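User: I would like a close look at a single part of this model, namely its open sheet and the loops with unusual backbone geometry. Please give one connected account.

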Amino acid sequence: MTLAPPASLPGVLFITPEVYPLLKTGGLGDVSAALPAALREIKVDARLLIPGYPQVLSGLKHKRRVAEFTAQPPFPPSVLLSAKLPLGTSGNVPVFIIDCPVLYQREGGPYVNAAGHNWPDNALRFGLLSRIGAILASDASPLAWRPHVAHCNDWQSGLVPAYLHFHQGEKAASLMAVHNLAFQGIFSADTVAQLGLPAASFHINGAEYYGGMSFLKAGLYYSDHIATVSPTYAREIQMETLGFGMQGLLSARRNHISGIVNGINTADWDPATDPDISRNYTANKLAAKAANKRALQRFLGLAIDPGIPLFGAVSRLTYQKGYDLILQVAMQLTEMPGQLAILGSGEAMLEQALTALAKNNPGKIAVCIGFDEKLSHMIEAGADSFLMPSRFEPCGLNQMYSQRYGTPPVVHATGGLVDTVVDCTPVTLADGSASGFLFFDMTADSFLGAIRRVTIAYNNKPVWRRLMKNGMAKDFSWRSSAAAYRRIYLSLLS
């Protein structure tokens, strides 16, 4: 039995394995900070639930104990703490923290150890996150506050809808948000019983997945609604190419899937106020952008040349992100002529190949291995164009940052990239919608063709200025996305 509909606007428990600025491994960390804050701005009572990693406990002040959970094998005892995310980063959003040192107080990342291997007890670690999330979203909660919707994010909270489904009392509605279907939380079959799920859940119509069990599949099957982070990705995951084995289930649930493009943090990513760039600028004062290009060239050891386009890229260095294509076209890009600046880390083979490429092309190609928040802002502001040749991209953020910084992106026509970038053509230039460059075949030739179109447009200064202004005029804030989620919450309770 679901909780009664709210008299006004719903309470939402936003269950996530990471949140910026406390802990972030990818886009989910940004979403987990920005979306609840945007929901609270439209009077949705959104509150976070997150594991008590060392970074979380040390990063939050004024924590207070609000509940205790006794050991329920295999789950160890834990304490529920309450605090607020730092004011100014996420709108002072209330957050609940699961303090369970034996599971979360570890060196390394939230999902992997210092050597990069998955924690062997991840099923238990995120089973506890899901179990407590379901308790707080039901009449079994020890708290006076009770959410109307449990908003679950990726596989780490995928068992929440399953636990709620089998709960006999009052419970919240559940929404399963998929940020990347490729990560599915797959474990052995005996995990079902270990985590306290009934045998009935281990079924093709349930958590069973090719003989094992999948946290994500459980969430997709048992949730009341599914959300993905762009309309195109919502369609793509229903097909074999990007369905990762879940396409049959997702296609069957097509009437319960929504695609909502993520927003970006427009306070942190604003060229008019960004403290990490050389000179601030706006769409009406674009001349100052040239100073950022010079500063970036100087910082990275590139030849200081205002006359040739500088292409930037900031990403995980993986096959999924299309860095094999960047390697294939890099020399031709420099011969156009052009320059290339890359920041990221990832697959060792790609890191080594890109590092060698930069070493052999001084002044033309610069590669920085690792993550540097300031440098990522410098690249967005200093590059002329931004490269995102992802094979698939559920939403993506950098293409939106790029347009906001007047840095027209080159993107593969997939997922959120095609939903947020309008290809530069005579028609779209004329109607004022052109904001970047799409390529449609995942080949080096198609990618290089789009880069050549960039150089042609770059050398036509009126066209290039129009492109920059078009992108900077777009609204990539969370306002419309938060409103769309609120409509879904209310529809689940109507």
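In which loop is Pro74 found?

Analyst: Pro74 is found in the loop between β3 and β4. The model is a predicted one, and in it a cis peptide bond with an omega of about 10° joins Pro73 and Pro74.

The two strands that flank this loop belong to an open sheet of nine strands with mixed pairing. The order across the sheet is β3-β4-β5-β2-β1-β6-β7-β11-β12. Its edge strands are β3, residues 64–69, and β12, residues 257–259, each of which pairs on one side only. From one strand to the next, the twist averages 25°.

Two helices may be placed against this order. Helix α4, residues 122–136, packs on the sheet and touches β1 (11–15), β2 (45–51), β3, β4 (78–84) and β5 (94–99). The direction of α4 makes about 150° with that of β2. Helix α20, residues 479–493, lies across β1, β6 (149–153), β7 (173–178), β11 and β12. It runs at about 145° to β7. Strand β1 is thus listed both for α4 and for α20.

At the β12 edge, strand β11 (residues 225–228) is joined to β12 by three bridges, and the two strands run parallel. Within this pair, Thr228 stands opposite Gly259 of β12.

The backbone geometry of the loops merits separate attention. Most peptide bonds are trans, and most residues other than glycine have a negative phi. Besides the bond between Pro73 and Pro74, a cis peptide bond joins Met336 and Pro337, with omega about 5°. Pro337 is found in the loop between α12, residues 323–335, and β14, residues 339–346.

Positive phi values occur at Asp154 and at Tyr210, neither of which is glycine. For Asp154, phi is near 60°. This residue lies in the loop between β6 and α5 (160–165), and β6 is itself one of the sheet strands. For Tyr210, phi is near 50°; its place is in the loop between β9 (208–209) and β10 (212–214).

The solvent accessibility of these two residues can be classified as follows. Asp154 has a relative accessible area of 11% and is therefore buried, the limit for that class being under 20%. Tyr210 counts as exposed because its relative accessibility is 70%, where the class requires over 50%.

Notes. Residues numbered from 1 in each chain as written. Predicted model: local features only at pLDDT ≥ 70, side-chain atom pairs only at ≥ 80, totals over all residues. Heavy atoms only, no water. Pairing = 2+ DSSP bridges. Helix = DSSP H or I, 4+ residues; strand = E, 2+ residues; numbered from the N terminus. Axes fitted to C-alpha atoms, helices over the stretch in contact; angles between N-to-C directions. Contact = heavy atoms within 4.5 Å. Buried < 20%, exposed > 50% of the residue type's maximum accessible area, 1.4 Å probe, protein only.
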